Amino acid sequence: MEKGTTLVKRGMAQMQKGGVIMDVANVEQAKIAEAAGAVAVMALERVPSDIRAAGGVARMSDPAMIEQIMAAVTIPVMAKARIGHLVEARVLEAVGVDYIDESEVLTPADDTYHIDKTAFEVPFVCGCRDLGEALRRIGEGASMLRTKGEPGTGNIIEAVRHMEKVNEQIAQVQAAQPNQLMTIARDLRAPYDLVKYVHENGKLPVINFAAGGVSTPADAALMMNLGADGVFVGSGIFHSENPEKFAKAIVAATAHPTDYALIAEVSKNIGKPMKGIEMATLSDDQKMASRGV
Amino acid sequence: MIVGVLNLQGAVSEHVDMLAQCQVEAKLIKKVGDLTGIDGIIIPGGESTVIYKLLVQEQLLDPLKKLIHAGFPVFGTCAGLVLLTQPKAFGVLKAEVVRNGFGRQKDSFEQAISVAGFDAPFHGVFIRAPYLTAVDESVTVLATIDDDKVIAAQYEHTLVTAFHPELTGDTRFHEKFIRLIEKRQDFFSPNA
C-alpha cells in the first residue's frame, strides 16, 4: 500500500472538477457551504476581503478552528499556509487537512523559495498568473493549480486575465516546433520536461481552478466557459446578502455554465453580492497576486 | 453503442478518455433529455453529496433510478458506488456503504488488487474511498480489502468499484462494462 503518491494527490483534485470550493470562517459557515453543494471548504479565520481590511500579517489559521470544521462536515477540508512556510504546512498536514493552499492571500514567509511540496503526503494547490508560474509550481510538487486573480476584491478581471493567459500560452507551446521547446522553457522560466508535457498533451498535467474575485453565479460560469476546471469562492459567498442562496446559485451555475436560462433563474432575487473593489484603486503593494511568483 | 457519462461534477473526462480507448462513443449526460439514445451510463468519481444534490435539482434522479431498476447497465466508480448503493439515491445494490471508509485524503492509497475473473492484479487507486459491507447474497463480490471490505461488486447490470480505474489507463473494468451492455443488447435484440 502506497500513500501520498502523485496519482492520489492529483487524483484527489480531479475528483473536485466541476465543483465549487468555498472559504468558510467557522463551523456554521462550513455547514451552510456543505448543504449548498460545495465540493470542499477552505477553513480560514478571515476571508480575503477581511484580511485586506484588517491589514497586518495574515498567518495560518488556528488548528483548533480547522479541526472543528473537519469534524463538522464530510466533504474535504482545505487550509492555507503562507508561501514558503514549511512549518505551517507541516502543522496543517499533522492536523490532517485534505489539501493545503500555499497561498498569496496570506503574508508570504519567504520571498525567494516556495515550499518543496514533493516532500509532503498531503496535496497542495498553488496560484498562478501565467504558464511559467503554473509549471514552476507543478515542478515544486503542486498537485492542483488555481488562478491567483486578485483575492478579496470581488472583481473578476484578474482571474479572467490569468486563465486566458495560461490557456493562450498552452496553445502556443502545443503549436511550437520541438526544437523551440528549450528556448520556450528558458523564456517561461519553467522546467523543460513540463514544457514538453504541455507540447505533447496540449494541457497541464494537473487541474486548474478559477480563484480570486469570483463573486456571482455569472462570474463562476464565465470562468468555466474560459476553461476553468472548477471554482474557488472566497469572500463572495459569506459577504453577500444571502450566503445560502448565493452558495447554491454558484454551485448550479458552475455545474451548468452554458445553460443561461438556468443561470438567469438561479440569479433571481438572491440579494446583493459583495461590494467589490475596482483594480485601479489598489496600489501595487495592496495587490496579492504579485506575491510568490 | 453509445455510453453516457453523468456530467454533473467529478472526474468526467477521464471516463470519456477510457471509453475512447475502448473505441466506444461517449455522450455527456447533464439533463433528462440527454438520456435518449444511450445504451449504458457511467457515474463517475467526485463528491457524492454534490452529485446527489445536482441529480435532484436537475430532476434526473427519478428517471435514472427507474431506468437502473429496470436493468439499464450502469458503472459507478467511488462516488458512483456510493450513489448506486444509498437508498435515497439509486439504491440498486443491496449493501451498506461506508463513505470515506479508509479515512481522509492522507489515508488515500494505491494498491494492487486481485479481482475475480481478471488474470492479473488491477492497480487500485483509492481516494477518500468508500467500501461496501453487509452485502446481500444477490450481489457478486469481485474484490475485497482486509477480507471484509468490498471494493468491487456486480449486481445484474450494475458494476461498481470503490477505486478509480479511470485514473490508471487499465481498461479492463470498462471493457467488462461494455460486455455487460453487449450481452443485454443481444438479449433484447429481436434477432437474438
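**A tour of the interface of chain A and chain B**

Across the interface of chain A and chain B in this predicted model, the rule finds 5 salt bridges. To see one of them, select B:Arg128 together with A:Asp98, whose closest N and O atoms lie 3.1 Å apart.

Next, widen the selection to polar contacts in general, where the count between chain A and chain B comes to 21 residue pairs, with both residues at pLDDT 80 or more. Colouring chain A by its elements then shows which of them give two or more residues to the side that touches chain B, namely strand 1 (2-3), helix 1 (6-14), helix 2 (27-36) and helix 12 (243-255). Of these, pause on helix 1 of chain A, from which the largest share of that side comes, 6 residues. If you recolour the side of chain A that touches chain B by residue class, its residues divide into 19 nonpolar, 11 polar and 8 charged.

Now move to strand 1 of chain A and show strand 6 of chain B (residues 109-113) with it: the two strands run antiparallel and are joined by 2 bridges. Selecting A:Glu2 leads to its bridge partner in strand 6 of chain B, which is B:Glu110.

Finally, select the whole contact, which takes 38 residues from chain A and 35 residues from chain B. The area buried between the two chains is about 2,900 Å², and carbon and sulfur atoms give 53% of it. On the chain A side, highlight A:Leu7, A:Met15 and A:Lys17, which supply 22% of the area that chain A buries against chain B, more than any other three residues.

Key:
Residues numbered from 1 in each chain as written. Chains lettered and ligands numbered in written order. Predicted model: local features only at pLDDT ≥ 70, side-chain atom pairs only at ≥ 80, totals over all residues. Heavy atoms only, no water. Contact = heavy atoms within 4.5 Å. Buried area = accessible area lost by both parts, 1.4 Å probe. Salt bridge = Lys/Arg side-chain N within 4 Å of Asp/Glu carboxyl O. Polar contact = N/O pair within 3.5 Å; in protein donor to acceptor, adjacent residues only side chain to side chain. Helix = DSSP H or I, 4+ residues; strand = E, 2+ residues; numbered from the N terminus. Nonpolar A, V, L, I, M, F, W, Y, C, P; charged D, E, K, R; others polar. Pairing = 2+ DSSP bridges.
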